[in-house]
Amino acid sequence: MIVIYGIKEHLNPIKAQLSEVIHGCMQSVLGMPEDKRAHRFIPMDAEDFYYPGGRTPAYTAIEINMMQGRASETQKTLIKELFNKIESVVGISPMDIEVTIKEQPAHCWGFRGMTGDEARDLKYSVNV
């Protein structure tokens with residue numbers, strides 16, 4: 001699952017475009033299937049979203065939650081691809097993008113009535 005935070009006035013108009021770019025990066029780097037998209041947008045009022053100095057109101061925080069298993073080089077490739085594609089397609093500078101990858105062991109995931117370590121029918125590999 002991916003959670004995207006940003007200032008409402010900036011984030012709302014670009015949600016669909018940003019979702020497409022993020023999912024495209026997830027597909028190209030991690031091999032995620034087309035139908036494996038779980039994006040949650042959290043548009044916030046400007047007075048509720050503080051961001052670091054030197055950033056603009058376009059500042060966007062992206063949290064990627066996934067099962068443990070991807071190599072550190074794969075994760076770094078994903079982060080760099082997100083910076084590149086978001087800048088070239090959506091127009092947000094890498095200075096205004098923060099990406100955090102949060103991994104949990106498969107047994108900490110629950111979906112479709114089972115835990116992640118019980119799933120045998122995933123259409124993608126976790127160990128990439």
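This is a short talk on the fold of one protein, going from its overall make-up to its sheet, its core and two single residues.

Let me begin by saying that what we have here is a predicted model, so please keep that in mind as we look at it together. The secondary structure comes to three helices and six strands, and if you follow the chain from the N terminus the elements run β-α-α-β-β-α-β-β-β. The radius of gyration is 15 Å, close to the 14 Å that the globule rule gives for 128 residues, so the protein is as compact as a globular protein of that length. Its C-alpha atoms fill a box of roughly 45 × 25 × 25 Å along the principal axes. As for the chain's long-distance links, if we take contacts between residues at least 6 apart in sequence, 76% of them join residues at least 24 apart.

Let us turn now to the sheet. In general, the strands of a sheet pair through backbone hydrogen bonds, and they may do so either parallel or antiparallel. Here four strands form an open sheet, in the order β2-β1-β3-β4, and the pairing is mixed. Which strands stand at the edges? They are β2, residues 39-44, and β4, residues 97-104, and because each has a single partner strand, one side of each is left without a neighbour in the sheet. From one strand to the next, the twist averages 15 degrees. Further in, β1, which covers residues 2-7, runs antiparallel to β3, residues 60-67, and five bridges join the two; to give you one position to look for, Val3 has Glu63 in β3 as its bridge partner.

Two helices can be placed against these strands. Helix α2, residues 15-30, packs on the sheet and touches β1, β2 and β3, with its direction making about 140 degrees with that of β2. Helix α3, residues 72-90, lies across β3 and β4, and it runs at about 150 degrees to β4.

That brings me to the interior. As a general tendency, nonpolar side chains in soluble globular proteins are buried together. In this model the largest nonpolar core has 31 residues, and the members that touch the most others are Leu18, Ile64, Leu78 and Ile86. At least two residues of this core come from each of β1, α2, β3, α3 and β4, while the largest share, seven residues, is supplied by α2. If we leave aside neighbours within four places in sequence, Ile86 is in contact with Leu18, Val21, Ile62, Gly91, Ile92 and Ile97. Over the whole protein, 38% of the 128 residues count as buried, and of the roughly 7,100 Å² that the protein exposes, carbon and sulfur atoms supply 52%.

I would like to finish with two residues, beginning with His23, which is found in helix α2. Is His23 buried or exposed? With a relative accessible area of 1%, His23 is buried, because buried means under 20%. Not counting residues up to four places away in sequence, His23 touches Pro33, Glu34, Lys36, Arg37 and His39.

The second residue is Glu98, which lies in strand β4 and, at 37% relative accessibility, counts as partly exposed. Beyond its neighbours within four places in sequence, Glu98 is in contact with Tyr59, Thr60, Ala61 and Ile62. Glu98 and Pro13, by contrast, are 85 residues apart in sequence and 19 Å apart in space, from C-alpha to C-alpha.

Notes. Residues are numbered from 1 along each chain as its sequence is written. This is a predicted model: local features need pLDDT of at least 70, side-chain atom pairs count only at pLDDT 80 or more; totals for chains, interfaces and linings use all residues. Side-chain values use heavy atoms; hydrogens and water are left out. Two strands pair if DSSP finds at least two bridges between them. Axes are lines fitted to C-alpha atoms, for helices over the stretch in contact, and angles run from 0 to 180 degrees between N-to-C directions. Contact means heavy atoms within 4.5 Å. Buried means under 20% relative accessible area, exposed over 50%, partly exposed in between (1.4 Å probe, protein chains only). A nonpolar core is a set of buried Ala, Val, Leu, Ile, Met, Phe, Trp, Tyr and Cys residues joined through side-chain atoms within 4.5 Å. The radius of gyration is taken over C-alpha atoms; the globule rule is 2.2 Å times the number of residues to the power 0.38. Accessible areas come from the Shrake-Rupley method with a 1.4 Å probe; for residues, only the protein chains shown count as cover.
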